[in-house]
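Open the structure in a viewer and keep the selection tool at hand. The stops below go from the whole chain to single residues.

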Amino acid sequence: MNIKAFTFNPFQENTYVVSNNAGDALVIDPGCSNPQEEARLHNYLIEEGLRLQCIVNTHLHIDHVLGNRFLEETFGVRSMAHQSDAFWLERLPEQAKMFGIPLLRDVPQVGIPLVEGDRIWLGKEGSPEAECFDVFEVPGHAPGHIVLYNANNACLFAGDVLFKGSIGRTDLIGGNYEQLIDGIRSKLLVLPEDTDVFCGHGPVTSIGKEKQHNPFIS
Ligand SMILES: [Zn+2]
Ligand SMILES: [Zn+2]
C-alpha cells in the first residue's frame, strides 16, 4: 500500500492519497483550496495512473473538505463521512468567508454515511491487493469524527483526533474534551504500538510514541 501526503490550504491540512498495487486509490480529507493545489493532486493521480474509488472525510471541518467537489466533479466519485458532522457543510460558505478563503465550487454533500464498525475496501473486496479500513467513531474534536485503521499495514488515519505531542481542539461547536480523551484511550491507544499515525496536521507519529510522550494522554 502506498501513502502520499499533500499539505494544502491556509490551515496546513494533510491530504492523503492511499493506493494499492492494482492502482486503486482513495483520497482522505481532500483539502485543496485553489487551482494550483487542485492541479497538484490531480497530476499525482493521473501520473501514477490511479483509479480514484472514493473520498473519505475524517470529519467535515472546512480545511478537510475544500477539495471534495473538485474530486467529485473530476472523477465522478462520492464522499464518505459521518452524518453527525453534516451540519458543518451547511456552515461552509460562512466559514470560508470568515477565514477569507474563496469557495471555488458548490458546497459538497455526504455521499455515503459511515458509522462505527463500517469497513471501507480499497480495491475489490476479497482480491489479493485489496486493503481494508476499519471505521472507528472518535468524537470530541468534531461530533462526527471518524478515524480509519488498516491493520494489514499497521496504519491509522487520525484526522484531527491525535497529533504528534497534541490532540484536537475541543472548543469548536460539538466539541467535548472528556469525550475526545476517552475515545483516544479506548480506541486508539489499544492499537499496536508500532501503528503509524497519519495526522490531519503535522508529521506522522506512532501509537507507541504518543503513549510515551503525548502530555495529554501519557
Ligand atoms: Zn478539524
Ligand atoms: Zn483540521
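The tour takes the whole chain, then two sheets with their helices, then one glycine.

**Before selecting anything**

This is a predicted model, in which local features need pLDDT of at least 70 and side-chain atom pairs count only at pLDDT 80 or more, while totals for chains, interfaces and linings use all residues. Residues are numbered from 1 along each chain as its sequence is written, and chains are lettered from A and ligands numbered from 1 in the order in which they are written.

**The whole chain**

Select everything and show C-alpha atoms. They fill a box of roughly 45 × 45 × 25 Å along the principal axes. For 218 residues a compact globule would have a radius of gyration near 17 Å, and the chain's 16 Å agrees with that. The radius is taken over C-alpha atoms, and the rule is 2.2 Å times the number of residues to the power 0.38.

Switch to cartoon: the chain has seven helices and 14 strands. Both are DSSP runs numbered from the N terminus, helices being H or I over at least four residues and strands E over at least two. Buried residues are 43% of the 218. Burial is a count of other C-beta atoms within 10 Å of a residue's own: 20 or more is buried, 12 or fewer is exposed, anything in between is partly exposed, with C-beta atoms placed from the backbone. Of the contacts with a separation of 6 or more, 60% join residues 24 or more positions apart. A contact here means C-beta atoms, placed from the backbone, within 7 Å.

**Sheet 1-2-3-4-5-6**

Select strands 1 to 6, which form an open sheet in the order 1-2-3-4-5-6 with mixed pairing. Strand 1 and strand 6 (112–113) are the edge strands, each pairing on one side only. Two strands pair if DSSP finds at least two bridges between them.

Zoom in on strand 1 (2–8) and strand 2 (13–19). They pair in the antiparallel sense over seven bridges. Phe 8 has Glu 13 as its bridge partner in strand 2. Four residues separate the two strands of this hairpin, and Asn 9 in the turn has a positive phi of about 65 degrees. Move on to strand 3 (residues 24–28), which runs antiparallel to strand 2 and is joined to it by four bridges. Here Ser 19 stands opposite Ala 25 in strand 3.

**Helix 1 and helix 3**

Next select residues 35–47, helix 1. Its 13 residues should span 18 Å at 1.5 Å a residue, and its end C-alpha atoms are 18 Å apart, which agrees. The expected span is 1.5 Å times one less than the number of residues.

Which residues of helix 1 are buried? Colour Glu 37, Glu 38 and Leu 41. They cover an arc of only 105 degrees around the axis, which puts them on the same side of helix 1. The arc is that of the directions from the helix axis to the C-beta atoms. On the face turned away from the buried side are exposed residues, among them Pro 35, Ala 39 and Glu 47. The buried residues pack against strand 1, strand 2 and helix 3 (68–75). Just after helix 1, Gly 49 takes a positive phi of about 65 degrees.

Add helix 3, which lies across strand 3, strand 4 and strand 5 (79–81) and runs at about 150 degrees to strand 4. The angle, on a scale from 0 to 180 degrees, is between N-to-C directions, with axes fitted to C-alpha atoms, for helices over the stretch in contact.

**Sheet 7-8-9-10-13-14**

Now select the six strands of the open sheet ordered 7-8-9-10-13-14, again with mixed pairing. Strand 7 (119–122) and strand 14 (205–206) each have a single partner strand, so one side of each is left without a neighbour in the sheet. Strand 9 (residues 146–150) and strand 10 (residues 155–159) are antiparallel, with three bridges. Tyr 149 stands opposite Leu 156 in strand 10.

**Helix 6**

Select residues 177–188 for helix 6, whose end C-alpha atoms are 16 Å apart, in agreement with the 16 Å that its 12 residues should span. Leu 180, Gly 183, Ile 184 and Leu 188 are its buried residues. They fall within an arc of 100 degrees, so they line one face of the helix. The face turned away carries the exposed Glu 178, Arg 185 and Ser 186. Strand 10, strand 11, strand 12 and helix 7 (207–213) are included in what covers the buried residues.

**Last stop: Gly 165**

Centre on Gly 165, in the loop between strand 11 (162–163) and strand 12 (166–167). Gly 165 is partly exposed, with 15 other C-beta atoms within 10 Å. Beyond its neighbours within four places in sequence, Gly 165 is in contact with His 213 and Asn 214. Ile 217 is 52 residues from Gly 165 in sequence, and their C-alpha atoms are 9.3 Å apart.

Methods: Contact = placed C-beta atoms within 7 Å.
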